[in-house]
Amino acid sequence: MTPENLDDLTAELLRLAPDLDPARAAALLRRAYRAGLADGRRETTESREHGGW
């Protein structure tokens, strides 16, 4: 995730939930991004191991 993407997504999240702390909102988005990235990598590895789904 680029810094620009993070800024844009944080701003959007803060529009939806204006009471959130901006730093905590950005941290949440980073955690969600990393979790999705790890899940995608795991699925790719499993797919290669099983010859595709």
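Helices (H or I, at least four residues) and strands (E, at least two) are DSSP runs, numbered from the N terminus. With that rule, the protein chain shows 2 helices and 0 strands. Before you start clicking, note that this is a predicted model, where local features need pLDDT of at least 70 and side-chain atom pairs count only at pLDDT 80 or more, while totals for chains, interfaces and linings use all residues. Residues are numbered from 1 along each chain as its sequence is written, and side-chain values use heavy atoms, with hydrogens and water left out.

**The whole chain**

Start zoomed out, with the C-alpha trace on screen. Along its principal axes the trace spans about 45 × 20 × 15 Å. The radius of gyration of the protein chain is 15 Å, against near 10 Å for a compact globule of 53 residues. That radius is taken over C-alpha atoms, and the globule rule is 2.2 Å times the number of residues to the power 0.38.

Now turn on a surface. About 4400 Å² of the protein chain is exposed, and carbon and sulfur atoms supply 54% of this area; accessible areas come from the Shrake-Rupley method with a 1.4 Å probe, and for residues only the protein chains shown count as cover. Of the 53 residues, 11% count as buried. Here buried means under 20% relative accessible area, exposed over 50%, and partly exposed in between (1.4 Å probe, protein chains only).

**Helix α1: T10 and L9**

Select T10, in helix α1. T10 counts as buried because its relative accessible area is 9%. Which residues does T10 touch, not counting those up to four places away in sequence? They are P22, A25, A26 and L29, where contact means heavy atoms within 4.5 Å. Try a distance label between T10 and A25: they are 15 residues apart in sequence and 6.1 Å apart in space, C-alpha to C-alpha. A polar atom of the T10 side chain also lies 2.7 Å from the backbone oxygen of L6.

Step to L9, also found in helix α1 (residues 3-16). L9 has a relative accessible area of 36%, so it is partly exposed. Add M1, Y33 and L37 to the selection, and together with L9 you have a nonpolar surface patch of about 320 Å². Such patches use residues with over 30% relative accessible area and no salt bridge, joining nonpolar side chains (Val, Leu, Ile, Met, Phe, Trp, Tyr) within 5 Å and like charges within 9 Å.

**The loop: D19**

Next, pick D19, in the loop between α1 and α2 (22-49). D19 counts as exposed because its relative accessibility is 79%. Draw a line from D19 to H50: the two are 31 residues apart in sequence and 46 Å apart in space, C-alpha to C-alpha.

**Helix α2: R42 and D39**

Side chains of opposite charge can pair when their charged atoms come close. For an example, select R42 and D39, whose side chains meet in a salt bridge (2.8 Å, N to O). The rule asks for a side-chain nitrogen of Lys or Arg within 4 Å of a carboxyl oxygen of Asp or Glu, and the count comes to 1 salt bridge. Both residues lie in helix α2, 3 residues apart, about one turn of the helix. R42 is partly exposed at 45% relative accessible area, and D39 is partly exposed at 32%.

Key. Polar contact = N/O pair within 3.5 Å; in protein donor to acceptor, adjacent residues only side chain to side chain.
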